[in-house]
Amino acid sequence: MGISHSRAYHKLDDFEIVGLVSRSPGSRQKLNAELGGIYPEFDNYDTALAETKPDAVSINTYPDTHAEYATKAFEAGAHVFLEKPIAETVEGAQAVVDAAVKAGKKLVIGYILRHHPSWIKFIEIARDLGKPLVMRMNLNQQSFGSNWETHKNLMNSMSPIVDCGVHYVDVMCQMTGSKPVRVNAIGARLSPEIDENMVNYGQLQVTFADGSVGWYEAGWGPMSSEEAFFVKDVWGPDGSVSIVAKSASAESKSSDVDSHSKTESLRRHYSKLGADGNFEKKDELIDLTDEPDHDELCKREQEYFLKAIHEDLDLTDHMGDAVNSLAIVLAADKAFREGRTVAF
């Protein structure tokens with residue numbers, strides 16, 4: 001994510017990169033070379049803050065440093081773009097929000113799907129299906145090589161249903177406009193390479209106050225199946241809407257980050273039956289022409305970050321939604337570990 005966001009800052013005239021920070025010299029130097037080799041490099045975050053005195057900081061580290069790094073940035077007088085999730089705990093996430101408010105600085109969290117025109121349309125149609133909704137989503141990744149190493153490092157902080165789940169639970173909350181009332185989850189540890197207290201497969205289930213229900217499934221690792229890894233499907237009394245992403249579902253694509261946001265088209269199904277018992281309307285296939293790739297989506301996120309700063313946007317709901325979706329997925333993780341339903 002840090003690489004993609006750096007490319008965006010490099011391209012946007014209203015941003016000027018004053019430093020690239022990474023503990024890994026290889027990745028830092030490779031990125032700098034791609035961007036022309038013109039930017040100062042640092043291997044220490046505190047040193048970079050002190051020496052560059054930035055107006056804004058983009059934090060794309062592993063989740064266990066998110067809260068600490070964001071708080072330090074606010075204390076240094078900088079606005080913050082922070083990759084999801086905000087923190088490892090709800091308390092930590094709220095502390096980051098409070099720090100932003102106290103400093104009078106902007107906090108934009110990297111909920112990339114909120115900037116994808118096709119996902120915006122997906123949510124819009126789902127809201128027109130009646131209530132309650134049934135929401136079915138997954139994103140499993142057959143990871144290997146460097147991707148598997150990244151996933152194992154991520155699992156030092158949290159499980160897949162927490163790290164990726166915040167995106168899709170946030171989508172569910174937007175679709176229903178309702179509060180969760182209870183959460184359940186299942187999980188399994190499928191590799192001896194990860195900590196014995198961690199799982200690399202999980203599925204959460206959320207029940208909302210309006211009767212809507214949703215599940216999200218996520219698994220990482222070389223054992224993951226490429227079949228049905230990409231399901232984005234919503235039902236309501238008046239029909240259903242599904243993301244149809246043929247190329248994203250093709251063989252050996254689940255490890256490709258670009259496939260994670262592909263939509264290509266939406267299938268809108270109408271449930272009303274005529275007097276003869278057949279459907280009154282045919283399914284509608286909505287082709288989507290504005291289909292940004294991963295780097296373009298990151299660029300749009302940074303344009304929003306810039307807009308929030310320049311136009312002094314009120315980000316109260318944006319920050320609150322990020323804390324809420326994190327609370328739900330953490331409750332799901334707790335439900336699995338304790339073998340019980342967690343009530344909200």
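Where does Pro132 lie? Pro132 sits in the loop between α6 and β6, and the views below, all taken from a predicted model, start there and move through the sheets, the core and the loops.

**View 1. A cis peptide bond leads into Pro132.** The bond joining Lys131 and Pro132 is cis, with omega at about 0°. Most peptide bonds are trans. With Pro132 in the loop between α6 and β6, this view also sets the scene for the two elements that flank the loop, shown in the next two views.

**View 2. Strand β6 pairs with β9 and with β10.** Here β6, residues 134-139, meets β9, residues 213-219, in the parallel sense over five bridges. Follow the pairing to Met137 and you will find Tyr216 of β9 opposite. With β10, residues 230-236, the pairing of β6 is antiparallel and takes in six bridges. Met135 has Val234 as its bridge partner in β10. Strands of a sheet pair through backbone hydrogen bonds, either parallel or antiparallel, and β6 offers both kinds: parallel with β9, antiparallel with β10.

**View 3. Helices α6 and α9 pack obliquely.** Two packed helices are described by the angle between their axes and the distance between the axes. For α6 (residues 117-126) and α9 (residues 165-176), the angle is about 40° and the axes are 9 Å apart. An angle of that kind makes α6 oblique to α9. From α6, the contact is made by Trp119, Phe122, Ile123 and Ala126; from α9, by Tyr168, Val171, Gln174 and Met175. The crossing of α6 past α9 is right-handed.

**View 4. Strands β3, β4 and β5 form an open parallel sheet.** The three strands follow the order β3-β4-β5, with parallel pairing. At the edges are β3 (56-59) and β5 (107-110), each of which pairs on one side only. From one strand to the next, the twist averages 10°. Between β3 and β4 (residues 79-83) there are four bridges, and the two strands run parallel. Two bridge partners are good landmarks: Ser58 goes with Phe81 of β4, and Ala56 goes with His79 of β4.

**View 5. Strand β3 has one covered face and one uncovered face.** In a regular strand the side chains alternate between the two faces of the sheet. Along β3, Val57 and Ile59 make up the covered face, whereas Ala56 and Ser58 make up the uncovered one. Those uncovered residues also appeared in the previous view, where Ala56 was partnered with His79 and Ser58 with Phe81.

**View 6. Leu107 in the nonpolar core.** Which residues touch the most other members of the largest nonpolar core? Among its 92 residues, they are Ile86, Leu107, Met137, Met175 and Val234. The element that gives the most to this core is helix α11 (residues 316-338), with nine residues. A closer look at Leu107, leaving aside its neighbours within four places in sequence, shows contacts with Phe74, Val80, Leu82, Val96, Val97, Ala100, Leu315, His318 and Met319.

**View 7. Pro63 is buried in a loop.** Is Pro63 buried or exposed? Pro63 counts as buried because its relative accessibility is 3%, under the 20% limit. The loop that holds Pro63 runs between β3 and α4. Although Pro63 and Lys84 are 21 residues apart along the chain, their C-alpha atoms are separated by 7.7 Å. Beyond its neighbours within four places in sequence, Pro63 is in contact with Pro85, Glu88, Leu154, Ser157, Met158 and Asp163. One of these partners, Pro85, follows a cis peptide bond from Lys84, with omega about -15°. Pro85 has its place in the loop between β4 and α5 (90-103).

**View 8. Ala228 and Asp312 have positive phi values.** Most residues other than glycine have a negative phi. Ala228 has a positive phi of about 55°, and Asp312 also has a positive one, near 50°. The loop between β9 and β10 is where Ala228 is found, while Asp312 is in the loop between α10 (294-310) and α11. Ala228 is exposed, with a relative accessible area of 55%. Asp312 is exposed too, with a relative accessible area of 57%.

Terms used: Residues numbered from 1 in each chain as written. Predicted model: local features only at pLDDT ≥ 70, side-chain atom pairs only at ≥ 80, totals over all residues. Heavy atoms only, no water. Pairing = 2+ DSSP bridges. Core = buried A, V, L, I, M, F, W, Y, C linked by side-chain atoms within 4.5 Å. Buried < 20%, exposed > 50% of the residue type's maximum accessible area, 1.4 Å probe, protein only. Contact = heavy atoms within 4.5 Å. Axes fitted to C-alpha atoms, helices over the stretch in contact; angles between N-to-C directions. Parallel < 35°, antiparallel > 145°, perpendicular 65-115°, else oblique. Left-handed = near helix turned anticlockwise from the far one by under 90°.
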